[in-house]
Amino acid sequence: MALVTMFVNGQAMSGGTLNDALHKARFVGKVDTAPTYRFFSVRDEFPGLHPVTTDGFVVPGELYEVEYDVLRDELLPREPKELELGVIELADGSGSLSMRMRESYLTATGVTDISDRGGWLTYLASTR
């Protein structure tokens, strides 16, 4: 089976409600994106990463090696409609698959820019 890398930055991270979808994946480690993204909270239920050309931030997350069938059958069907699969740039210049915020949802009700909040887990801790 072919392996790909998958960057996760929300509920699929260790301890999150979607992490069980990665039970067959190999945890590579904690990594950051390149500083070319904005990061959003969608109704405080999940985050969304979106690429920008100016005023970008580094977004922390986790990297996994995963087989395509695990993505297809276990993770992607559970992702919200506001997100889509794409390719992102990591801090070391390499690329990875990741869920990204669909542009059409950036201005939707309940979407808040949390780019400067230090990542999803830090943001959630600050709301409790």
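The legends below describe close-up views of a predicted model.

**View 1. The five-stranded sheet is open and mixed in its pairing.** Its strands follow the order 2-5-1-7-6. Strand 2 (26-32) and strand 6 (83-89) form the edges; each has a single partner strand, so one side of each is left without a neighbour in the sheet. From one strand to the next, the twist averages 35°. Within this sheet, strand 1 (residues 3-8) and strand 7 (residues 95-101) are paired in the parallel sense, with two bridges between them. M6 has L97 of strand 7 as its bridge partner.

**View 2. Helix 1 (residues 68-75) packs on the five-stranded sheet.** The helix touches strand 1, strand 5 (60-67) and strand 7, and its direction makes about 110° with that of strand 5. Which residues of helix 1 are buried? They are V70, L71, E74 and L75. These residues lie on the same side of helix 1, because they cover an arc of only 110° around the axis. In an α-helix there are 3.6 residues a turn, so residues three or four places apart point the same way. The partners against which the buried residues of helix 1 pack are strand 1, strand 5 and strand 7.

**View 3. The three-stranded sheet is open, with antiparallel pairing.** The strand order is 4-3-8. Strand 4 (46-51) and strand 8 (111-113) are the edge strands, and each pairs on one side only. Direction ignored, neighbouring strands of this sheet are turned by 30° against each other on average. Strand 3 (residues 37-42) and strand 8 run antiparallel and are joined by three bridges. Opposite V42 stands V111, a residue of strand 8.

**View 4. The largest nonpolar core comprises 34 residues.** M6, L22 and V66 have the most contacts inside this core. Two or more residues are given to the core by each of strand 1, strand 3, strand 4, strand 5, helix 1, strand 6, strand 7 and helix 2 (120-126). What does L22 contact when its neighbours within four places in sequence are left aside? The residues in contact with L22 are V8, A12, Y64, V66 and L75.

**View 5. F27 and Y64 form an edge-to-face aromatic pair.** A search of the whole structure finds two aromatic pairs, and the pair of F27 and Y64 is drawn here. A pair of aromatic rings is described by the distance of the centres and the angle of the planes. For F27 and Y64, the centres are 5.4 Å apart and the angle between the planes is 65°; the pair counts as edge-to-face because that class takes planes over 60 degrees apart. Distant parts of the chain are linked by this pair: F27 belongs to strand 2 and Y64 to strand 5, 37 residues apart. F27 is partly exposed, with a relative accessible area of 38%, whereas Y64 is buried, with a relative accessible area of 5%.

**View 6. R43 has a positive phi although it is a residue other than glycine.** The phi of R43 is near 55°, and the residue lies in the loop between strand 3 and strand 4. D44, which is not a glycine, has a positive phi of about 55°. D44 is placed in the loop between strand 3 and strand 4. R43 is partly exposed, with a relative accessible area of 38%. D44 is partly exposed, with a relative accessible area of 39%.

Key. Residues numbered from 1 in each chain as written. Predicted model: local features only at pLDDT ≥ 70, side-chain atom pairs only at ≥ 80, totals over all residues. Heavy atoms only, no water. Pairing = 2+ DSSP bridges. Helix = DSSP H or I, 4+ residues; strand = E, 2+ residues; numbered from the N terminus. Axes fitted to C-alpha atoms, helices over the stretch in contact; angles between N-to-C directions. Contact = heavy atoms within 4.5 Å. Core = buried A, V, L, I, M, F, W, Y, C linked by side-chain atoms within 4.5 Å. Buried < 20%, exposed > 50% of the residue type's maximum accessible area, 1.4 Å probe, protein only. Arc of directions from axis to C-beta. Phe/Tyr/Trp six-rings, centres within 6.5 Å; stacked < 30°, edge-to-face > 60°.
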